[in-house]
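Visitor: I would like to learn how the words used for a protein model are justified. Could you take me through them with care?

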Amino acid sequence: MINSMTGFGRASGVLSSRYHVAVTAKSVNHRFLEVSVRLPEFFWELESGVRAIASETFTRGKLDISIRVQRTSQPEYSVRINTQIANAVIPQLRAIGEELGVASTFSGGDLLRVPDLLQVEAVDAEVQDDERDALSAIVREAFAQLSAMRAREGESLRTDISARLATIRKFQEELASHREEIRRELLASFQQRVQEIASAAGVEVGEERIAQEVVMQVEKGDIAEELTRLTHHIEQTQKAIDGKEPAGKKLDFLSQEMLREINTMGSKSRAAALRTLVVELKTEVERIREQVQNVE
């Protein structure tokens, strides 16, 4: 069965006593697999692992993964005084205080108001192996939900494409039933055209020669080969949507080939019946082509 490239998945859980994470993953159609991962800075080292899981799970689509991390225990902190700022600011503050007679009123609290004087940073310990494994499991769970949604939508696409293929087969059979009528029309048209050209040129052309030229032109205008190739493309399309492998690119190619065969048939005759059927066939194939743009 085929899968859509549109879906959404979410999962959350505890990595350890230090972290709780929530993973969301959403995807839309794209020609290739494009993965975007958003992680907190202290989890950046885990990005490659998340990307690897995405590559294992999906083949096409624009995938947006967001991982939010909540601390469940307080980390250790590093406290550092910027001595360069302190050495530059404190003497000036003292000088101003003495000049104004308020030197004794300055306190440590006043110094804390000086921007960047005191730098406090959380000291994040290295991510442990069990935390990596736990995150991988939660990411896979979110991907499983995303894949399930893509599969459900893919089934809807398969049903729609199958129905359109059935309609195309019906039009194709009707077109095949008009084949002899089209040949007779071409025969009469070419005979008349050859006679008109010979008359305009003032030459006499033997009936046998005329018959040879007309037969050659009628064979060129026959739509038997196009009908055969169209049948093959329809069968291949049906196999692709019923198969288990990703088939988006193959389906796109087959829909283009079907359109090419239909356009060729339309260019070979001016018969109203053929032109009407060609328009109907093109409409159905164009709709299939629109649908397969979202097939993985």
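Guide: Let us begin with a definition: buried means under 20% relative accessible area, exposed means over 50%, and partly exposed lies in between, with a 1.4 Å probe and protein chains only. By that rule, both Arg-18 and Glu-131 are buried. The model is predicted, so to speak of local features a pLDDT of at least 70 is needed, side-chain atom pairs count only at pLDDT 80 or more, and totals for chains, interfaces and linings use all residues. Residues are numbered from 1 along each chain as its sequence is written, and side-chain values use heavy atoms, with hydrogens and water left out.

Visitor: What makes the contact of Arg-18 and Glu-131 a salt bridge?

Guide: A salt bridge is a side-chain nitrogen of Lys or Arg within 4 Å of a carboxyl oxygen of Asp or Glu. The side chains of Arg-18 and Glu-131 meet at 2.7 Å, N to O, and therefore satisfy that rule. This pair links distant parts of the chain, since Arg-18 is in the loop between E1 and E2 while Glu-131 is in helix H4, 113 residues apart. Helices (H or I, at least four residues) and strands (E, at least two) are DSSP runs, numbered from the N terminus.

Visitor: How many salt bridges does the rule give?

Guide: The count comes to 17 salt bridges.

Visitor: Why is Glu-284 called buried, and why is Arg-287 called partly exposed?

Guide: Glu-284 has 9% relative accessibility and therefore counts as buried, whereas Arg-287, with a relative accessible area of 38%, is partly exposed. Both residues lie in helix H9 (residues 272-292), 3 residues apart, which is about one turn of the helix. Their side chains meet in a salt bridge at 3.4 Å, N to O.

Visitor: How do you know that Arg-260 and Glu-261 form a salt bridge, and is each of them buried or partly exposed?

Guide: Their side chains meet at 3.7 Å, N to O, which satisfies the rule for a salt bridge. Arg-260 has a relative accessible area of 46% and is therefore partly exposed, while Glu-261 has 2% and is therefore buried.

Visitor: Why is Phe-43 called buried, and where does it lie?

Guide: Phe-43 has a relative accessible area of 0% and is therefore buried. Its place is in the loop between E3 and helix H1 (47-57). The C-alpha atoms of Phe-43 and Val-127 are separated by 7.8 Å, although these residues are 84 apart along the chain.

Visitor: How do you know that strand E2 pairs with strand E4?

Guide: Two strands pair if DSSP finds at least two bridges between them. Strand E2 (residues 19-28) and strand E4 (residues 61-71) have 10 bridges in the antiparallel sense, and in E4 the bridge partner of Ala-25 is Ile-65. Ile-65 is also the bridge partner of Val-37, and strand E3 (residues 33-38) runs parallel to E4, joined by 6 bridges.

Visitor: What joins E1 to E2?

Guide: A hairpin joins them through 4 residues, and 8 antiparallel bridges run between strand E1 (residues 7-14) and E2. One of the bridge partners is Ala-22 in E2, for Ser-12.

Visitor: Why is E2 described as largely enclosed by the rest of the structure?

Guide: The reason is that 7 of the 10 residues of E2 are buried.

Visitor: Why is Asp-129 called exposed?

Guide: Asp-129 has 57% relative accessibility and therefore counts as exposed. The place of Asp-129 is in helix H4 (residues 129-177).
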